[in-house]
Amino acid sequence: ISYIYNGLDIKLTNTVVNNLRETIGISKNSKLMVMIGTYEERKGHEFLLKAMSYVYQKHTDVHLAIIGSGSKSETSRINQLVEKYTPNKNVYLMGFIDNAPQMIKGADILLIPSQNFESFGLTAVEGMLNSIPVISTNTGGLPETLGSNGVTGLYSPIDNYELFSKNIIYLLDNKEVRETIGLNGKRRAENLFSSSMMAKKYKALI
């Protein structure tokens, strides 16, 4: 069996479009975490908000931006989950945003709480190419995308939101580790998930 990883245009990813911090209205010194995903249950919004209820017990001033959208009923469900697990916290439902990979530049952590059907992890690569440390679950292809746990990213079981929260707190508490994992992830993504690398391998296969 042979395989060719999906690739992204690194130059496009490095294009600055807008800044999520400016859109929300927070300073560059505030800790900002981002999740990108449609409002489907498999994306793990409830899992994430459960984890964040623990994070906010220690870090009351962190900010969480959730980028994505869904049907009227799905949107209502997400709003109810926010009220249930993180009431009156710095949680922002941003809705759908064009060029989300560029918008997340400057985020401190990218969160992927997916519970099912994540065959590759495109969002993870987008974060890695922007030197943003990624914390995810271990569903589908996410572990293979992130690589070495604790080195190029962090991932935990899909049913363990307490460990997910501990991973978040660990990176919030350790700036040097956070930056190191971000840079390690960027190198991994550049080596394995560039569009030029993908094109070369397809050419060689054909």
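**Entry 1: ground rules.** I take axes as lines fitted to C-alpha atoms, for helices over the stretch in contact, with angles running from 0 to 180 degrees between N-to-C directions. Helices (H or I, at least four residues) and strands (E, at least two) are DSSP runs, numbered from the N terminus. I am working with a predicted model, where local features need pLDDT of at least 70 and side-chain atom pairs count only at pLDDT 80 or more, while totals for chains, interfaces and linings use all residues. Residues are numbered from 1 along each chain as its sequence is written, and side-chain values use heavy atoms, with hydrogens and water left out.

**Entry 2: α6 and α9.** I looked up this pair and found an angle of about 115°, with the axes 7 Å apart. The crossing is left-handed (the near helix is turned anticlockwise from the far one by less than a right angle; clockwise would be right-handed). In contact (heavy atoms within 4.5 Å) are Val125, Met128 and Leu129 of α6 with Gly182, Gly185, Lys186, Arg188, Ala189 and Glu190 of α9. I sorted these residues into four nonpolar, two polar and three charged. For the classes, Ala, Val, Leu, Ile, Met, Phe, Trp, Tyr, Cys and Pro count as nonpolar, Asp, Glu, Lys and Arg as charged, and the others, Gly among them, as polar.

**Entry 3: α3 and α8.** Next I turned to α3 (residues 45–58) and α8 (residues 161–173), which pack at about 45° with axes 8 Å apart. The two are therefore oblique to each other (under 35 degrees is roughly parallel, over 145 roughly antiparallel, 65 to 115 roughly perpendicular, the rest oblique). Their crossing is right-handed. Contact residues include Phe47, Leu48 and Met52 of α3 and Phe164, Ile168 and Leu172 of α8. The contact has eleven nonpolar, one polar and four charged residues.

**Entry 4: pockets.** On a 1 Å grid over the protein atoms alone, using a 1.4 Å probe, a pocket is an open set of points with protein on both sides within 12 Å along at least five of seven lines, and lining residues have an atom within 4 Å of a point. The largest one holds about 360 Å³ (the space filled by probe spheres set on the points, which are joined across faces, edges and corners). Its lining has 23 residues, with Ile36, Gly37, Thr38, Lys43 and Thr123 nearest the centre. I see α6 again here, giving the most to that lining with four residues. By class the lining has 13 nonpolar, seven polar and three charged residues.

The second largest pocket has about 320 Å³. I found α9 (residues 175–192) giving the most to the lining of the second largest pocket, with five residues. That lining has four nonpolar, six polar and seven charged residues.
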